[in-house]
Amino acid sequence: MIRSASLLVRRFSQSSSSSRLANATKTWGSTTANSFVKGQAAFKSTLADEDDEDILASTEQATEADSTSTVVGAIDDDNPMESSSKTKQSMETFDRSKSGTASPWAVFDAWGAGSDEMVNSSLSDFDQTMLRPESVKIPLDEKEVEDIPDEKDILHAYDHLLQAKSSVHFGYPYNLMFDFTELTPFLKYSINNLGDPFVPSNYGVHSRQFEVSVIDFFANLWKMEPDSYWGYVTTSGTEGNLHGILLAREQFPDGILYTSQETHYSVFKAARYYRMECKSIPTLPMGEIDYDILQQAIQDNRDRPVILNVNIGTTVKGAVDNLDRILRMLKQLDIPRERFYIHCDGALFALMMPFVEFAPEVSFRKPIDSIAVSGHKMLGCPMPCGVALSRKEHVNKLEQHIDYLNSVDTTIMGSRNGQAALYLWYSLRKKGINGIKRDVVHCIDTARYLQDKLKENGLTSRLNDLSSTVVLERPMDEELIKRWQLACEEDIAHVVVMPNVTKYKIDMFVKELMECADKHGRIQPLRPDSPLTKLNTPW
Ligand SMILES: Cc1ncc(COP(=O)(O)O)c(C=O)c1O
C-alpha cells in the first residue's frame, strides 16, 4: 500500500530534476568533439616534454594571451570567454548561459554543480520519509516487503538530497564538476584490474590499458624517466599513502618515519599497521613541518634510516612542506641517498602544483621515492580513487607471483576498481593539460577572492600561498557548519575552493557568516596554542 501512495508523490517531484538532467546532457553532447581534439593535442605535447619549461611551453601555446602573476596560464576571470583565441575555439559550443560562472569548463558540469544555483537542502516530508532507516531497510520476508516503499521513490529522494548537498558544499577537497555520461554503458561490466597493472592476469574484463595510460600521464607530469616507474590506480589517496610507506618499510625495515603533526591520519595509520616507529614533528603556525625540530630528530637518530613523509598540501591548512629545504637538510646531515626514502603525500595538491607559477618543483628529478594523489579530489570522479607512483626498483622488492591470478601481487588491494581507471583516463583525456590548468586557475583565484571577502568583513582567515584552502575562525552556528559542510578542527574551519565553488556562492557564504557573527558572536581561541591562536600569529 505504501508503495502505490508514494508513487503519486514521486511523479510530482520528479519533473524538475529530470529536465535539468536533460538540459545538461544536451550541453554535453554538443561539446564533446571539440574538446576531445584539444585535450588530445595538449596531452600528446606534454608526453613529449621532458622538463619544466617544456610542460609550461606546451600549455602556454593554448593560452598565449593569458597570464597572472600567480598561476601558469591564468584566465581572465571577468571575461572567461576571452582568454585566448585557441581557448575560445574550444569553448564555442559551451552552454553560454554558464559563461557568467567563474569556471566555464562547462563540459564537465553534468547537472549544474558549478552553477550559481543552490538547491534547497530542506527535503520534503515525503523525501525525508523515503530516506529513513525503516524505508531503506532490506526486507527479510514477504511481510516486510509489504511495508516498505518502492525503490524508485527512495532513489528519487536520494537524488534530491545529493543534488542539494552537492550544490552547497565548501568543506572537502572534492571537485564535484564532471560528466561521465558517456561511460554509463560500461557500468554493466564487472571491470576488475586484479593483480598488477603491467602484468595481465587471466581475467579478461579489465581496463589495464587505460590504467597504464593514466600512470604514464602522471609519470610524465612528475618527470619520471621512461621505464623507471611503477604505479597503479588506487581506491583513494589513503591507499597511495599505505602503499608508499609500505615500500619505504620494505626498503628500510628499521627506518624511522618522520612526518609533521598536521599530516593526514592515513600516514599515522600506515605507521600503526606496519608497526613502524613514527616521529610526529611539530609544525610552524601555517602548517609546514618545523624544519629545525625535524633536523634535530634525524640527527638524534642518525644510526637508523630516514623515512620521510613530505606533505604536498596538508589536509586542514593546505601547507606544503618545503621539499628542497628538507633535501638540503639531509645533505647537511650527511645522510646518503641509500639511507633515506621520501614519500610525498599529494592527495589534493600534487595535481595542482605543476600548474601554479612559482611553486617549487615536486618531481622525481629530485631524490624522492613515491607520490600519492587522490583522483576524486582535483580531477573529480564519482567514486573515490587515486594514483600511487613510485620508483620501479622499490616495487620489485614487494612483488610476489600469484598462480591463481597469473599476475603479480604488488598492490594493497586484490580486486581493484577497473571503472575508476577508466574514469580517470576519460577525465584526463577530455580535460587535457589545459582543462586541468583552467580548474587550478579557478581554484587559486577564487580562494583569493574568498580570503579578500573574509578580510573585508573583519573575520580571521589565512590562505597559504600555494593553496586554495582558506582557513577561517569556526562559525558559532552548527547549522551553518552543516549547511555548508565545513570541515572543522577545534576553533577553526576551512573552505577548500574547488572548481564547483563560484564567487556567487562565496558571497552567499560570507553573508551568512556575518549574519551568524551578529547573531551568535565570534569564537574565541579555545586554548593558548589552539589552531585559532596559531592563525592569529604571524605566518
Ligand atoms: C593530505 C591528505 N592526505 C591524504 C588524504 C586521504 O585521501 P583520500 O580521502 O583520498 O583517502 C587526504 C584527504 O583529505 C589528505 O588531505
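This is a walk through a predicted model, one selection at a time.

**Start with everything shown**

Before you pick anything, take in the whole chain. The protein chain runs to 539 residues, and 46% of them are buried. Colour by secondary structure and you'll be looking at 17 helices and 13 strands. Take the contacts between residues at least 6 apart in sequence: 72% of those join residues at least 24 apart. Keep that in mind when you click on single residues later.

**Stop 1: H9 and H10**

Select residues 237-251 for helix H9 and 265-273 for helix H10. Their axes sit 9 Å apart, and the two helices pack at an angle of about 40°. That angle makes H9 oblique to H10. If you like to note handedness, H9 passes H10 in a right-handed crossing.

Now show side chains where the two helices meet. From H9, pick Thr238, Asn241, Leu242 and Ile245; from H10, their partners are Ser266, Val267 and Ala270. Sort the residues of this contact by class and you get four nonpolar, three polar and no charged.

**Stop 2: all around H10**

Hold on to H10 and turn the view to look along its axis. Which residues of H10 are buried? They are Ser266, Val267, Ala270 and Ala271. Seen down the axis, the buried residues of H10 fall within an arc of 150°, so they line one face of the helix. Swing round to the other side of H10 and you'll find Tyr265, Arg272 and Tyr273, which are exposed.

What covers the buried residues of H10? Helix H9 is part of the cover, and so are four strands you can add to the selection:

- S2, residues 256-260
- S3, residues 277-281
- S4, residues 306-311
- S5, residues 340-345

Before moving on, click Arg275, which follows H10 and has a positive phi, near 50°.

**Stop 3: H14 and its partner H8**

Next, select helix H14, residues 418-456. We'll look at H14 against two other helices, beginning with H8, residues 208-221. The axes of H8 and H14 are 8 Å apart, and the helices pack at about 50°. At that angle, H8 and H14 are therefore oblique to each other. Their crossing is left-handed.

For the contact itself, show Phe210, Glu211, Ser213, Val214 and Phe217 on H8. On the H14 side, they meet Ala421, Leu422, Leu424, Trp425 and Leu428. The class tally for this contact is eight nonpolar, one polar and one charged.

**Stop 4: H14 again, now with H16**

Keep H14 on screen and add helix H16, residues 503-520. These two axes come within 10 Å and cross at roughly 25°. H14 and H16 are therefore roughly parallel to each other, and the crossing is right-handed.

The H14 residues to show here are Thr446, Tyr449, Leu450, Lys453 and Leu454. Facing them in H16 are Lys503, Ile506 and Val510. Counted by class, this contact has five nonpolar, one polar and two charged residues.

**Stop 5: three single residues**

Clear the helices and go residue by residue.

First click Val395, in helix H13, residues 392-398. Buried or exposed? Val395 has 23 C-beta neighbours inside 10 Å, and 20 or more is the cut-off, so it counts as buried. Setting aside residues up to four places away in sequence, Val395 touches Trp230, Leu247, Ser390 and Thr410. Draw a distance from Val395 to Thr410: the C-alpha atoms are 6.8 Å apart, with the two positions 15 residues apart in sequence numbering.

Then jump to Val119, in the loop between helix H3 (85-91) and helix H4 (125-130). Val119 is buried too, with 20 other C-beta atoms within 10 Å. Beyond its neighbours within four places in sequence, Val119 is in contact with Gln163, Ala164 and Ser167. Val119 and Gln163 are 44 residues apart along the sequence, yet their C-alpha atoms are 6.7 Å apart.

Last, step into H4 and click Gln128. Gln128 counts as partly exposed, with 13 C-beta neighbours inside 10 Å. Add Leu161 to the selection: 33 residues separate Gln128 and Leu161 along the chain, and the distance between their C-alpha atoms is 9.1 Å.

Methods: Residues are numbered from 1 along each chain as its sequence is written. This is a predicted model: local features need pLDDT of at least 70, side-chain atom pairs count only at pLDDT 80 or more; totals for chains, interfaces and linings use all residues. Axes are lines fitted to C-alpha atoms, for helices over the stretch in contact, and angles run from 0 to 180 degrees between N-to-C directions. Angles under 35 degrees count as roughly parallel, over 145 as roughly antiparallel, 65 to 115 as roughly perpendicular and the rest as oblique. A crossing is left-handed if the near helix is turned anticlockwise from the far one by less than a right angle, and right-handed if clockwise. Two residues are in contact if their C-beta atoms, placed from the backbone, lie within 7 Å. Ala, Val, Leu, Ile, Met, Phe, Trp, Tyr, Cys and Pro count as nonpolar, Asp, Glu, Lys and Arg as charged, and the others, Gly among them, as polar. A residue is buried if 20 or more other C-beta atoms lie within 10 Å of its own, exposed if 12 or fewer, and partly exposed in between; C-beta atoms are placed from the backbone. The arc is that of the directions from the helix axis to the C-beta atoms.
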